[in-house]
Amino acid sequence: MSVFRILDIAGTVMNAQSIRMNATASNLANAESVSSSVEDTYKARRPLFSAAWEEALARNQQTGEPCDPVTGEPFGIGVSLKGIVESDAPTIREYNPNHPLADADGYIYRPNINPVEEMADMMSAQRSYQTAVQVADNARNMLLQTLRLGQQS
């Protein structure tokens with residue numbers, strides 16, 4: 001696998017983790033929102049990712065790049081966004097007849113978002129992003145070292 005492909009894969013990981021952090025930030029920002037109906041209540045959003053398997057297979061067949069000798073799987077699979085889904089967890093119904101958004105029965109509705117879980121997800125995404133940056137930096141350093149070997153001889 002070329003060093004440039006490693007940089008491509010690290011880039012897809014950084015993009016995926018950036019999307020994940022943005023979705024988590026949106027969930028945290030709306031965790032305390034209130035609405036007057038279940039339909040209008042904010043629902044947590046989660047990105048769905050997959051390895052870019054089909055793309056890797058097609059690329060390996062076209063370029064003749066080698067596959068893993070043990071598994072037969074292609075090297076260099078990136079990450080792709082398949083979509084963003086809303087949580088189907090029930091909203092929190094709270095009796096508060098004095099609230100300006102209370103419905104006819106005196107209830108307000110809050111999203112079922114746990115800020116502690118969201119913060120843990122944010123930290124996990126940030127660490128994954130950081131790891132991808134380190135991988136890209138290491139690949140860049142290897143490439144620079146290879147170029148320096150050519151200069152010394």
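**Exercise 1. A salt bridge between helices**

Asp121 forms a salt bridge with Arg20 in this predicted model. Find the distance between the closest N and O atoms, place both residues, and classify their exposure.

*Solution.*
- Step 1. The closest N and O atoms of Asp121 and Arg20 are 2.7 Å apart.
- Step 2. Asp121 sits in helix 3 (residues 115–152) and Arg20 in helix 1. The two are 101 residues apart, so the pair links distant parts of the chain.
- Step 3. Asp121 has a relative accessible area of 21% and is partly exposed. Arg20, at 16%, is buried. The cut-off for buried is under 20%, so the two residues fall into separate classes.

**Exercise 2. Further salt bridges**

How many salt bridges does the structure hold? Describe the pairs Glu32–Arg110 and Arg140–Asp137.

*Solution.*
- Step 1. The structure holds six salt bridges.
- Step 2. The side chains of Glu32 and Arg110 meet at 3.9 Å, N to O. A salt bridge requires a nitrogen within 4 Å of a carboxyl oxygen, so this pair counts.
- Step 3. Glu32 is in the loop between helix 1 and strand 1, and Arg110 is in strand 4. They are 78 residues apart and link distant parts of the chain. Glu32 is exposed, at 60% relative accessibility.
- Step 4. Glu32 and Arg110 also belong to a network of salt bridges with Glu94.
- Step 5. For Arg140 and Asp137, the closest N and O atoms are 3.6 Å apart. Both residues lie in helix 3, three residues apart, about one turn of the helix.
- Step 6. Arg140 is partly exposed at 42%. Asp137 is partly exposed at 36%.

**Exercise 3. The aromatic pair**

Classify the geometry of the Tyr95 and Tyr107 pair, then locate both rings.

*Solution.*
- Step 1. The count of aromatic pairs is one. Its members are Tyr95 and Tyr107, with 5.3 Å centre to centre and 70 degrees between the planes.
- Step 2. Planes over 60 degrees apart count as edge-to-face, so this pair is edge-to-face.
- Step 3. Tyr95 lies in strand 3 (residues 92–95) and Tyr107 in strand 4 (residues 107–110). The pair therefore ties together parts twelve residues apart in sequence.
- Step 4. Tyr95 is exposed at 55% relative accessibility. Tyr107 is partly exposed at 22%.
- Step 5. Tyr107 has a further partner: Arg93 lies over the face of its ring, 3.7 Å from the ring centre.

**Exercise 4. Contacts of Ile19 and Thr41**

Which residues touch Ile19 and Thr41, leaving aside those up to four places away in sequence?

*Solution.*
- Step 1. Ile19 belongs to helix 1 (residues 3–29). It is in contact with Pro47, Phe49, Leu81 and Ile84.
- Step 2. Take Leu81. It is 62 residues from Ile19 in sequence, yet 8.7 Å away, C-alpha to C-alpha.
- Step 3. Thr41 is in the loop between helix 1 and strand 1 (45–51). Thr41 counts as buried at 4% relative accessibility.
- Step 4. Thr41 touches Ser35, Thr91, Tyr109, Arg110 and Pro111.

**Exercise 5. The whole chain**

What pattern do the helices and strands follow, and what does the UniProt record add for residues 7–31?

*Solution.*
- Step 1. The protein has three helices and four strands. Along the sequence they run α-β-α-β-β-β-α.
- Step 2. Of the 153 residues, 25% are buried. Among contacts with a separation of 6 or more, 68% join residues 24 or more positions apart.
- Step 3. The protein exposes about 9900 Å², with 54% supplied by carbon and sulfur atoms.
- Step 4. An unreviewed UniProt entry annotates residues 7–31 as "domain: Flagellar basal body rod protein N-terminal". That span is 92% helix and 0% strand, and its end C-alpha atoms lie 36 Å apart.

Terms used
Residues are numbered from 1 along each chain as its sequence is written. This is a predicted model: local features need pLDDT of at least 70, side-chain atom pairs count only at pLDDT 80 or more; totals for chains, interfaces and linings use all residues. Side-chain values use heavy atoms; hydrogens and water are left out. Rings of Phe, Tyr and Trp (its six-membered ring) pair if their centres lie within 6.5 Å; planes under 30 degrees apart count as stacked, over 60 as edge-to-face and the rest as tilted. Buried means under 20% relative accessible area, exposed over 50%, partly exposed in between (1.4 Å probe, protein chains only). A charge sits over a ring if NZ of Lys or CZ of Arg is within 6 Å of the ring centre and within 35 degrees of the ring normal. Contact means heavy atoms within 4.5 Å. Accessible areas come from the Shrake-Rupley method with a 1.4 Å probe; for residues, only the protein chains shown count as cover. UniProt positions are given in the numbering used here, feature names are shortened, and annotations may be inferred rather than shown by experiment.
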